[in-house]
Every structure is written in structure tokens, then in C-alpha cells.
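Work through the exercises below with the sequence and the structure at hand. Each task is followed by a solution in steps.

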Amino acid sequence: MLLMMPWPPTKLSPNARVHWAQLAKAKKEYRQACAWTALSQGARRLEASGLHVSLTFYPPTRRAIDLDNCLARFKAGIDGLVDVLCVDDSKWKLTIAKADEIGGYVKVELLEVIRPSE
């Protein structure tokens with residue numbers, strides 16, 4: 001399954017100096033936006049005990065950005081995906097990369113769905 005998520009807002013960067021209330025609001029809004037985006041692209045509840053997920057970050061500009069900051073900014077987005085897929089992110093195996101192209105989105109690929117043992 002391939003999903004395209006919106007680029008995380010600047011307020012979610014670990015380097016941003018944002019009041020805690022503004023940060024909480026930004027997290028909530030981005031989490032909901034990612035959940036709705038995933039649903040609109042056909043994502044549904046998975047019967048799985050784990051996932052292998054690949055995240056590719058397509059920054060909105062050519063400005064230098066650290067891959068670890070990309071992942072930290074996307075944490076609320078991951079939580080939004082958990083809300084839709086119903087697979088705890090502690091059971092995910094992540095592969096992360098930053099694309100050379102600009103785009104302003106995060107490509108999420110579900111590479112493997114690990115089924116519960118019967």
C-alpha cells in the first residue's frame with residue numbers, strides 16, 4: 001500500500017521553539033490530517049501483529065534538513081496512521097530516507113504486513 005501524507009508543519013520540528021499549547025494543537029491537527037488523508041487513499045484497519053513501513057521524505061524546498069528531524073516532525077503523522085491502521089507503532093519496523101527531489105510530502109509504503117500467528 002502506498003500513501004502520500006502532507007509535509008509536517010514547522011511547529012513540529014524539534015528545533016522549533018513553540019509554546020506547549022501551540023505545539024499540542026499542531027500535533028492534534030496534523031495527526032487528524034494524516035488520518036483523514038490515509039482514509040481518503042483507501043487505508044483501513046489491518047489484521048496484523050506488525051508492519052514494515054518505509055518513509056521517504058520529499059522536503060518542500062532544497063533547504064538542508066536532517067533526516068532525524070524529518071522523522072521527529074512526522075511522529076504525529078505516524079500516530080494518525082496508527083489510528084487508521086490499528087497496528088501499534090511499537091510493532092513497526094521503519095526504513096527512512098530523504099529524497100533528492102522536492103515535493104512537500106511524505107511517501108509511506110507498507111512493505112510487509114506481519115500477520116498474527118494462529
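**Exercise 1. Decide whether Lys91 is buried, partly exposed or exposed, and place it in the fold.**

Step 1. The model is a predicted one, and in it Lys91 has a relative accessible area of 49%.

Step 2. Buried requires under 20% and exposed requires over 50%. Lys91, at 49%, is therefore partly exposed.

Step 3. Along the chain, Lys91 sits in the loop between H3 and E3.

Step 4. Leaving out residues up to four places away in sequence, the contacts of Lys91 are Ser49, Gly50 and Leu51. Gln32 is 59 residues from Lys91 along the chain, and the C-alpha atoms of the two are 21 Å apart.

**Exercise 2. Check the length of helix H1 and find which face of H1 is buried.**

Step 1. Helix H1 covers residues 20–40, which is 21 residues. The expected span is 1.5 Å times one less than the number of residues, so H1 should span 30 Å. The end C-alpha atoms are 30 Å apart, in agreement with this.

Step 2. List the buried residues of H1: Ala26, Tyr30, Cys34, Ala35, Thr37 and Ala38.

Step 3. Viewed down the axis of H1, these buried residues fall within an arc of 165 degrees, so they line one face of the helix. The general rule behind such a pattern is that an α-helix has 3.6 residues a turn, so residues three or four places apart point the same way.

Step 4. On the face turned away from the buried side of H1 are the exposed residues Lys25, Lys28, Trp36 and Ser40.

Step 5. The cover over the buried residues of H1 includes E1, helix H2 (67–73) and H3. After H1 comes Gly42, with a positive phi near 95 degrees.

**Exercise 3. Work out the strand order of the sheet, and state which strands are at its edges.**

Step 1. The sheet is open and has four strands, in the order E1-E4-E2-E3, with mixed pairing.

Step 2. Strand E1 (2–6) and strand E3 (92–98) each pair on one side only, and these are the edge strands. On average, neighbouring strands of the sheet are turned by 20 degrees against each other, direction ignored.

Step 3. Strand E2 (residues 50–58) and strand E4 (residues 105–114) run antiparallel and are joined by nine bridges. One bridge pairs Tyr58 with Tyr105 of E4.

Step 4. Helix H3 (residues 75–85) packs on this sheet and touches E1, E2, E3 and E4. The direction of H3 makes about 140 degrees with that of E3.

**Exercise 4. Classify the ring pairs Trp7–Phe57 and Tyr30–Phe74, and say which parts of the chain they tie together.**

Step 1. Four aromatic pairs are found in the whole structure. In one of them, the rings of Trp7 and Phe57 have centres 6.2 Å apart and planes at 90 degrees, so the pair is edge-to-face.

Step 2. Trp7 lies in the loop between E1 and H1, and Phe57 lies in strand E2, so this pair ties together parts 50 residues apart in sequence. Trp7 and Phe57 are both buried.

Step 3. Tyr30 and Phe74 also form an edge-to-face pair, 6.2 Å centre to centre with 70 degrees between the planes. Tyr30 belongs to helix H1 and Phe74 to the loop between H2 and H3, so the pair ties together parts 44 residues apart in sequence. Tyr30 and Phe74 are buried.

Step 4. Ring pairs link Trp7, Tyr30, Phe57 and Phe74 into a cluster.

Notes
Residues are numbered from 1 along each chain as its sequence is written. This is a predicted model: local features need pLDDT of at least 70, side-chain atom pairs count only at pLDDT 80 or more; totals for chains, interfaces and linings use all residues. Side-chain values use heavy atoms; hydrogens and water are left out. Two strands pair if DSSP finds at least two bridges between them. Helices (H or I, at least four residues) and strands (E, at least two) are DSSP runs, numbered from the N terminus. Axes are lines fitted to C-alpha atoms, for helices over the stretch in contact, and angles run from 0 to 180 degrees between N-to-C directions. Contact means heavy atoms within 4.5 Å. Buried means under 20% relative accessible area, exposed over 50%, partly exposed in between (1.4 Å probe, protein chains only). The arc is that of the directions from the helix axis to the C-beta atoms. Rings of Phe, Tyr and Trp (its six-membered ring) pair if their centres lie within 6.5 Å; planes under 30 degrees apart count as stacked, over 60 as edge-to-face and the rest as tilted.
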